Amino acid sequence: MSVGKIDLALAFLQSHADQAAAILEQQPMDQVAQFFGHVPLTQASLVLQKMLPQYAARLCKSLPTSMSAGLLARMELSSIVAIIRHSEIDFRDQLLQLLPDKSKIACRFLLNYPEDAAGAWMVTNITILPDSCTVEEALARLLADKEATAVDPLYIVDRGGLIKGSVTSINLMRATPNSPLSMVMHKNPEAISARTALISTVNNPGWDNQDTMPLVNRNQQLVGVLRHVDMRKGLNQIAATVTPPDSADPVSGIFEVYGHGLVALLNAVTEVTQPSLQRRR
């Protein structure tokens with residue numbers, strides 16, 4: 001297979017990861033594992049994240065453990081947890097040990113929740129503001145917290161972790177710098193128990209005004225936020241099954257441009273020696 005065709009294949013995996021995942025799920029596991037062994041981690045992780053977690057877990061078991069951990073480390077936390085949740089206990093522990101410490105801790109926390117609970121799909125790495133600070137101090141915290149997942153509104157807690165209010169980033173930037181945060185926040189926003197069934201959150205009226213909902217534990221302490229996009233993804237993954245791709249799907253025509261579909265690319269790429277692709281990592 002020429003270098004040009006390899007580049008086209010990799011570009012397709014990156015730009016059409018969801019379609020590639022659907023096709024690959026129908027191929028023999030050993031061939032897909034071999035294919036992943038020759039594909040740069042960047043593209044492989046994009047495709048793995050689009051696969052159904054049940055299938056992705058089996059594929060990870062077919063790959064070297066260090067490679068599986070490297071793929072997971074490049075993915076969103078909710079996707080990592082969904083895949084690990086469908087892995088055997090011993091393999092799950094091996095994967096967790098190889099993940100970065102921050103991801104490892106967050107995964108263990110989310111795995112405490114059942115897959116169909118809101119808490120299993122929440123984002124925990126967010127900026128949380130103390131109710132004792134000023135607007136200026138809050139903005140400084142927000143700017144300094146570069147690794148946090150961006151969510152809006154921001155949530156404000158007391159020293160006991162109880163939610164006292166929320167504030168949008170726009171309102172925060174418009175406020176007088178020396179104003180107490182308590183003066184500009186929306187007080188006592190509605191929160192959802194992290195143990196609530198995910199399906200029960202669908203019709204929550206809070207979605208009418210915002211894209212995130214705060215989640216609390218049994219002590220009413222803030223533990224994370226549920227994004228609307230993660231709620232939908234969770235419901236889709238819980239209900240999902242591997243189904244054969246529609247032969248009439250226009251995506252199939254796109255694959256034909258490259259030969260005989262992704263299956264042909266799979267077979268061709270796996271014949272290429274490892275060094276020819278490793279140079280692109």
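Leaving aside neighbours within four places in sequence, with which residues is A21 in contact? In this predicted model, A21 is found in helix α2, which spans residues 17–24. Beyond its sequence neighbours within four places, A21 is in contact with V47, K50 and M51. The C-alpha atoms of A21 and L48 lie 6.9 Å apart, although the two residues are separated by 27 positions in sequence. The relative accessibility of A21 is 1%, so A21 counts as buried.

A second buried position is S68, with a relative accessibility of 0%. S68 is placed in helix α6. When neighbours within four places in sequence are set aside, S68 is in contact with C60, L63, F91 and L95.

The packing of helices α7 and α9 was examined next. Two packed helices are described by the angle between their axes and the distance between the axes. Helix α7 covers residues 77–85 and helix α9 covers residues 101–110; their axes come within 10 Å and cross at roughly 60 degrees. The two helices are therefore oblique to each other. The crossing of α7 past α9 is right-handed. On the α7 side, the contact is made by L77, I80, V81, I84 and R85, and on the α9 side by S103, A106, C107 and L110. Sorted by class, the residues of this contact are seven nonpolar, one polar and one charged.

Salt bridges were searched for over the whole structure, and five were found. Side chains of opposite charge can pair when their charged atoms come close. One of the pairs joins the side chains of E76 and K233, with an N to O distance of 3.3 Å. E76 is located in the loop between α6 (65–72) and α7, whereas K233 belongs to helix α13 (residues 228–239), so this pair ties together parts that are 157 residues apart in sequence. E76 is partly exposed, its relative accessible area being 39%.

Another salt bridge connects the side chains of K104 and D101, at 3.5 Å from N to O. Both residues are in helix α9; because they are three residues apart there, about one helical turn separates them. The two partners fall into separate accessibility classes: K104 counts as buried at 15% relative accessibility, whereas D101 is exposed, with a relative accessible area of 54%. A salt bridge is also formed between D230 and R227, where the closest N and O atoms are 2.7 Å apart. D230 has a relative accessibility of 2% and counts as buried.

D230 also appears among the contacts of W121. W121 is placed in the loop between α9 and β1 (128–130). With a relative accessible area of 2%, W121 is buried. Apart from neighbours within four places in sequence, W121 is in contact with S78, A82, E115, L198, L226, D230, G234, Q237 and I238. For one of these contacts, L198, the C-alpha to C-alpha distance from W121 is 8.5 Å, while the separation in sequence is 77 residues.

The backbone was also examined for local features. Most residues other than glycine have a negative phi, and most peptide bonds are trans. The peptide bond joining D152 and P153 is cis, with omega at about 10 degrees. P153 is in the loop between α10 (135–144) and β2 (154–157).

Positive phi values occur at N188 and at Q220. N188, which is not a glycine, has a phi of about 50 degrees. The place of N188 is the loop between β4 (186–187) and β5 (192–193), and N188 is exposed, with a relative accessible area of 59%. For Q220, likewise a residue other than glycine, phi is near 65 degrees. Q220 is in the loop between β6 (212–216) and β7 (222–227). The relative accessible area of Q220 is 49%, and Q220 is partly exposed.

Technical notes:
Residues numbered from 1 in each chain as written. Predicted model: local features only at pLDDT ≥ 70, side-chain atom pairs only at ≥ 80, totals over all residues. Heavy atoms only, no water. Axes fitted to C-alpha atoms, helices over the stretch in contact; angles between N-to-C directions. Helix = DSSP H or I, 4+ residues; strand = E, 2+ residues; numbered from the N terminus. Parallel < 35°, antiparallel > 145°, perpendicular 65-115°, else oblique. Left-handed = near helix turned anticlockwise from the far one by under 90°. Contact = heavy atoms within 4.5 Å. Nonpolar A, V, L, I, M, F, W, Y, C, P; charged D, E, K, R; others polar. Salt bridge = Lys/Arg side-chain N within 4 Å of Asp/Glu carboxyl O. Buried < 20%, exposed > 50% of the residue type's maximum accessible area, 1.4 Å probe, protein only.
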